[in-house]
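Hi everyone, thanks for coming. I'd like to walk you through one structure today, a few pieces at a time. Have a look at it on the screen first.

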Amino acid sequence: MRVFAALDPRLPLSQVPAVARRMEALGFDGIHIPETIHDSFAVALLAAEHTSRITVRTAITLAFVRSPTLVAYSAWDLASFSGGRFELGLGTQIKQNIEDRYAMPWTEPVGRMGEYVEAVRELFAAFASGESVRYEGDHYRLTRMQPYFNPGPSEMAAPPVLLGAVNTGMCTLAGRLADGVITHSTNADPGYLRDVVRPALMAGAVEGARATPPIYASAPVATGASAELVNRERERMRRLLAFLYSTPSYKPTLVRLGLPELFDRLRELTRAQRWDRLSAVMTDDVLDTLLVCGDYAALPGLLWERYGGLADGVVMAAPADDGADDRLRKAIEELRSK
C-alpha cells in the first residue's frame with residue numbers, strides 16, 4: 001500500500017522545503033499539496049525543488065477558478081522540473097466557495113470537469129508535438145496555440161491527472177477519465193469506499209473501456225509517539241471534521257453512518273456563524289466512528305484493517321516532528337510492505 005503525507009494547508013512557504021525533505025526521509029511515497037490559503041503550484045514547486053525521490057501531487061488544485069491552459073503550463077513545467085515526479089490532482093470545490101470566495105461562475109460540475117480534463121490533456125498533446133490545439137466542448141474551447149506560446153516537447157511524460165471525488169457522479173467520471181481518484185477525508189470510511197466509490201469507479205472504467213484507476217483514501221488519522229500526542233492530534237481532528245461535515249456535499253456519509261442529525265446540528269451552527277461551537281457537537285462516540293487513532297506502533301495495523309483491499313494508498317496528515325522519527329519511519333515502512 002502506498003503512503004502519502006498531506007502537508008498542513010497553513011504551512012508557511014518558508015517551511016515547505018524542510019517539511020518536504022523530512023517526509024522524503026521518513027519514507028513516504030509522496031506528498032499531497034492542498035489548496036486552501038496557498039497556491040498549490042507554488043507549494044508543489046518548493047516541494048519538488050527540495051526533494052529528489054518522492055512524488056509531489058496537488059490534492060487538490062481547484063480547476064474551476066483557473067484556465068485549463070494556465071493549469072497545463074504549470075503542470076507541464078512541474079513535471080519537467082521534478083524529473084517526472086509531479087502529479088496533477090484536480091477538484092471542483094463547492095458552489096458557494098467558487099461563487100462567493102473566488103468570484104467565479106458555477107455550472108454543473110461533472111460534465112464541466114470531464115471537459116476540463118480532456119482540454120488539459122489536449123494541451124499536453126499539443127506541447128509534446130509542438131503543434132496547435134483544437135478542443136471544442138460545451139464549457140471549454142481551445143483553438144489557438146501559436147508556436148511562440150507553445151513550450152514544446154519535454155523529456156518527461158505528461159503528468160498523470162487525478163480527480164478529487166466524493167459523490168457517485170464524480171467517481172464515475174474519474175473511472176472513465178482519470179489516472180486515479182483522491183477521496184475526501186469525509187468519504188473515506190470503508191463502507192463508502194466499498195459501496196459507493198469502488199462501484200462508481202468500475203462503472204466509469206467500463207464506460208471508458210479502461211482499467212479501474214487506483215484509489216487514494218484521505219484517511220482521518222490521529223497519531224503520535226505517545227498517548228498524549230495522539231490525544232492532542234485527536235482534538236485537532238475533532239475541530240477539523242466538525243467543520244468539514246457541516247458542508248452539504250459531505251452529508252451522504254453521515255446519513256450512511258446513521259448520523260443525519262449531526263449534519264443538521266453542525267449546519268445550524270455555521271448558519272449562525274458559531275464556528276467556535278462546532279467541535280462540541282462532535283462527541284467522542286461520533287469521533288471514534290470517523291477517526292483512526294493510535295500511536296506509531298499501532299498505526300499500520302489500524303490503517304490496513306480499515307483500508308486493506310479497498311484503497312491502493314492512504315493519505316495522512318504530515319506528522320509533526322515529535323523526536324520519534326525512527327518509530328514513525330518503521331511504521332510507514334511496515335504499512336508500505338502490506
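Let's begin with helix α5: its buried residues are covered by elements that include α3, β5 (135-136 is β6, also in the set), β7, β8 (161-164) and α6 (168-177). Covering here is judged by contact, meaning heavy atoms within 4.5 Å. Helices (H or I, at least four residues) and strands (E, at least two) are DSSP runs, numbered from the N terminus.

Before going further, a word on what we have: this is a predicted model, where local features need pLDDT of at least 70, side-chain atom pairs count only at pLDDT 80 or more, and totals for chains, interfaces and linings use all residues. Residues are numbered from 1 along each chain as its sequence is written, and side-chain values use heavy atoms, with hydrogens and water left out.

Back to α5. Which of its residues are buried? They are R112, M113, G114, E115, Y116, V117, A119, V120, L123, F124, A126 and F127. Buried means under 20% relative accessible area, exposed means over 50%, and partly exposed is in between, with a 1.4 Å probe and protein chains only. The helix has 21 residues, and from first C-alpha to last it reaches 30 Å, close to the 30 Å expected at 1.5 Å a residue. That expected span is 1.5 Å times one less than the number of residues. At the N-terminal end, E108 acts as a cap, with a side-chain oxygen 2.8 Å from the backbone nitrogen of V110. Just after α5 comes G130, with a positive phi of about 80°.

Let me pick out one residue of α5, F127. F127 has a relative accessible area of 0%, so it is buried. Leaving out residues up to four places away in sequence, F127 touches A72, Y73, W76, M145, N150, P151, G152 and P153. Its C-alpha also lies 9.2 Å from that of A158, and those two residues are 31 apart along the chain.

A72 and W76 bring us to α3, where both are buried, along with P68, T69, V71, A75, L78 and A79. These buried residues pack against α2, β5 (86-91), α5 (109-129) and β7 (141-142). α3 has 14 residues and reaches 20 Å from its first C-alpha to its last, close to the 20 Å expected at 1.5 Å a residue. S67 caps the N-terminal end of α3, placing a side-chain oxygen 3.0 Å from the backbone nitrogen of T69. Just after α3, G83 takes a positive phi of about 70°.

Now, how do α2 and α3 sit together? Two packed helices are described by the angle between their axes and the distance between the axes. For helix α2 (residues 40-49) and helix α3 (residues 68-81), the angle is about 5° and the axes are 10 Å apart. The axes are lines fitted to C-alpha atoms, for helices over the stretch in contact, and angles run from 0 to 180 degrees between N-to-C directions. The two helices are therefore roughly parallel to each other; that label covers angles under 35 degrees. On the α2 side we find F41, A44, L45, A48 and E49, and they meet V71, S74, L78 and F81 in α3.

F41 and A44 have another partner: T58 touches both of them, and its other contacts include I33, S40, L88 and I182. T58 sits in strand β3 (residues 55-58). Is T58 buried or exposed? At 0% relative accessibility, T58 counts as buried. Its side chain makes a polar contact of 3.1 Å with the side chain of T61, and it also reaches the backbone nitrogen of G89 at 3.0 Å. A polar contact is a pair of N or O atoms within 3.5 Å; within protein, one must be able to donate a hydrogen and the other to accept it, and residues adjacent in sequence count only if both atoms are side-chain atoms.

Finally, some backbone details. Most residues other than glycine have a negative phi, and most peptide bonds are trans. Here, a cis peptide bond joins A59 and I60, with omega about 5°. A209 is not a glycine, yet it has a positive phi of about 55°; A209 is exposed, with a relative accessible area of 73%. Thanks for listening!

Terms used:
Angles under 35 degrees count as roughly parallel, over 145 as roughly antiparallel, 65 to 115 as roughly perpendicular and the rest as oblique.
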